[in-house]
Amino acid sequence: MRPTATPHRTATVGRGLFGGLAAVGRGVSGGLAGVGRASRLGVAAGRSLGKVGMWAPQLSPQMARVGVASVPIALFIATFTGIVMSLQASYTLTGTIPLYFVGVLVSKTMILELGPVLTGLTLAGRVGANISAELGTMRVTEQVDALETLAYDPVAYLVAPRVLAGTIMFPVVALLAVTVGIASGWVAALQLLDMSSAEFVKGLRLFFEPWDVWFCVIKSVSFGFVVTSVGCFCGLSTRGGAEGVGRSTTRAVVASSMIILFLDAVWAAVLL
Amino acid sequence: MSIEIRGLRKSFGEKEILRGFDLQAGENEIAAIVGPSGVGKSVLLKHVVGLLRPDAGSVVVDGTTVGESHGSALADLRRRIGYVFQFAALFDSMTVAENVGMGLRRAAGWTPDRIRARAEACLAMVGLEGMGSRRPADLSGGQRKRAGLARAIAFSPKYLLYDEPTTGLDPVTTTSIDRLMLRMRDELGVATLVVTHDMTSAFRVADRITLLHEGRAWFTGVPAEVRSSGDPVVRGFVEGDPGLYYGTGAGEPTAGRPR
C-alpha cells in the first residue's frame, strides 16, 4: 500500500529540498568567490612583475628550492617508470610486434606523457604543499601583514618569485626526468630483455619528432605555473591556525593535481 | 603629527565590529585602547597602518587618509609607522638582525653595512645586543617582543603601534616591556597607540586610555579618570567584574553572556 503524504512528511521533504538547494547555492557562490579571489591574485601577480627589485633577489633561491631540490625525487620516479615501461612493453609486444618497438613505446610515453605528468604530480605534492604550508604559516602568524607594514608588496615578494621559479624549473626537471626515464628503460632493455642497444636506439629514433620535446616543455611550463600559483593562492588564503594551514595544504595539492590532469587532456586535444 | 580616527566602521560579513570609533593621538603621547579580547582592538590598529580598509569613517595619519592611500604613497606612510605585532611576527627564515634590517633593505641609501649597524643599534636599544645572529625560534617570548620592537623602530618611525605588547608575558617581563614603551616615547618622541587588555600595563604607560566597547570609544580619559570612573562598564572592565561589565549586575554569574 502506498504511503500517503502527511503535512509533517511534506514539510520535512520541503526542508530537505531547500536545505540541499541552499547547500548547492553556497557551494556555487563559494566557488565563484574563490575564482574571483584567485583572479585578483593573478592580476596582482602580473602587475608585481614590474617590481623587479622586489622579486628578483628571491628568484634564484626559489629556483633552487622548487627545481634543484626536486630533482632527486623526480629522477627516482623516472628511473623506475622507465624500467617498468620497458618491461611492460616487452611483455605486451612479444610475439606480435618487433621488439625494437619497446624503444618507441618508452620514448614516446616518457616524452609525451609520463615525464611531464608524473613530474607535475610529484612536484604538486612536494612543491605545492611546501609553498602552501609556508605561506599559510606566514599568513596565520601575521608575517605577511608584517611584510606589508615594512612597505613590501607580499605578492611581489612572495608570489612572483615562486611562480616564476616553478614556471622556469618544471620543464628543466621534466626534461631531466624524461632523459633518465628513457635511459633507465634502455638499460633495462639491455640487461633484462633479449635486446641489443642498436635495436632499442632504432625504436627510439623511429617515430621521434622534435615537436614531442616542445610538447613536453609546454606541458611542464603550464604545470609549473599551476602548481606554484595554486600553492601561493591556497597559502595566502589560509585562515585559522594550524588546522587552517593543514586544510589549505591539502587543498593546494588536490586542486593542482586535478588541474594538471585536466590540462594534460586539453594539451593533448589542442596540440597533438 | 597625529593619528586621527573618525567615525570608523568595519564589519566582517554580518558581524559589525567597529560602529563609529573615534580617537586622537599626538606627538609624545601614548594612547591606550583597552577592552576584552575579541572587541576589535587589533582590527582597529590594522586600519591605522592600512592592512584593513574601513567600511566608513577615516583614519588620518600625518595628514594622509590611510584608506585612500595606495602604492608608493601607502608604502611611504608605512615607513613612518612602526608596528609591533602581538606575537612579534618575526620572519622564521631569517636571523634576528636580518629581521630588524628587513624594512631598510628596500629604502634608498641603505648599504648592507649601514643596515647591519642600524640593526645592531636597534637591538641594543631594546636590550638585545649581541643577539642579532640568533634565529627567532631561539628567543623567549619577551625577547621576541623586543626583537619585534627593534624591527618596528629601525626606520625611525614617527608613530608606533603596539598590538597586545604584554600578552603572555610574566610580570617582570611585562614591566620591562612597559618601560621600553615609555623609553621609546621619550627618546624617539613618537605618537603611540597601544591596544591591550592588561590594565596594569595600560595604567603604567598610557597618557590617555580609551575603552573600546560595542564598537565605539565608550570612555576616554587620563588613567586617574579611568580609575575613578563611575561608569559600570569602565568599572567592570577595570575591576574585572563580568557582572558589571556585561550589565548583569555586580557579582552575578554571567552565563550566556558574550566573553
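This presentation covers the contact between chain A and chain B, and then the pockets and cavities, in a predicted model.

Let me begin with the interface. On the side of chain B, 20 residues are in contact with 15 residues of chain A. The two chains bury about 1600 Å² between them, and carbon and sulfur atoms give 59% of that area. Three residues deserve attention here: B:Arg78, B:Phe91 and B:Arg106 supply 33% of the area that chain B buries against chain A, more than any other three residues.

As for specific interactions, the rule finds three salt bridges across the interface of chain B and chain A. In one of them, the side chain of A:Asp145 meets that of B:Lys46, with 3.4 Å from N to O. Five residue pairs, both members at pLDDT 80 or more, are in polar contact across the interface. Which elements of chain B each supply at least two residues of the side that touches chain A? They are H2, strand E6 (81-84) and helix H3 (96-105). By class, that side of chain B has 11 nonpolar, two polar and seven charged residues.

I turn now to the pockets. The largest pocket has a volume of about 1900 Å³. It is lined by 46 residues, and the closest to its centre are A:Arg139, A:Asp145, A:Glu148, A:Pro154 and B:Leu51. A:Asp145 has already appeared, as the salt-bridge partner of B:Lys46. Both chains contribute elements with two or more lining residues: from chain A, helix H1 (7-48), helix H4 (101-140), helix H5 (143-149), helix H6 (154-192) and helix H8 (210-236), and from chain B, helix H1 (41-48) and helix H2 (71-79). Which element gives the largest share of this lining? It is H2 of chain B, with seven residues. The lining comprises 18 nonpolar, 12 polar and 16 charged residues.

The second largest pocket has a volume of about 540 Å³. Of its 22 lining residues, A:Ala38, A:Val226, A:Ser229, A:Val230 and A:Phe233 are the closest to the centre. In chain A, H1, H6, H8 and helix H9 (241-271) each supply at least two residues of this lining. Its classes are 15 nonpolar, five polar and two charged residues.

Next, the enclosed spaces. The structure holds five cavities of 30 Å³ or more, and the largest has a volume of about 150 Å³. Residues of both chains are found around its centre: of 18 lining residues, A:Thr149, A:Leu150, B:Ile81, B:Arg151 and B:Ala152 lie nearest. At least two lining residues each come from H5 of chain A and from H2, E6, H3 and helix H5 (141-153) of chain B. H2, E6 and H3 of chain B are also the elements named for the side that touches chain A. The cavity lining divides into 11 nonpolar, four polar and three charged residues.

The second largest cavity holds about 50 Å³ of space. Its lining includes B:Val84, B:Leu149, B:Tyr162 and B:Met181, and H5 and H6 of chain B each give two or more residues to it. Seven of the lining residues are nonpolar, none is polar and two are charged.

Finally, a note on the backbone of chain B. B:Asp62, in the loop between strand E4 (56-61) and strand E5 (64-65), has a positive phi near 55 degrees although it is not glycine. B:Glu164, likewise not a glycine, has a positive phi of about 45 degrees; this residue lies in the loop between strand E7 (159-163) and helix H6 (171-188).

How values were computed:
Residues are numbered from 1 along each chain as its sequence is written. Chains are lettered from A and ligands numbered from 1 in the order in which they are written. This is a predicted model: local features need pLDDT of at least 70, side-chain atom pairs count only at pLDDT 80 or more; totals for chains, interfaces and linings use all residues. Side-chain values use heavy atoms; hydrogens and water are left out. On a 1 Å grid over the protein atoms alone, a cavity is a set of points where a 1.4 Å probe fits but cannot get out, and a pocket is an open set with protein on both sides within 12 Å along at least five of seven lines; lining residues have an atom within 4 Å of a point. Grid points are joined across faces, edges and corners, and a volume is the space filled by probe spheres set on the points. Helices (H or I, at least four residues) and strands (E, at least two) are DSSP runs, numbered from the N terminus. Ala, Val, Leu, Ile, Met, Phe, Trp, Tyr, Cys and Pro count as nonpolar, Asp, Glu, Lys and Arg as charged, and the others, Gly among them, as polar. Contact means heavy atoms within 4.5 Å. Buried area is the accessible area (1.4 Å probe) that two parts lose on being put together, summed over both. A salt bridge is a side-chain nitrogen of Lys or Arg within 4 Å of a carboxyl oxygen of Asp or Glu. A polar contact is a pair of N or O atoms within 3.5 Å; within protein, one must be able to donate a hydrogen and the other to accept it, and residues adjacent in sequence count only if both atoms are side-chain atoms.
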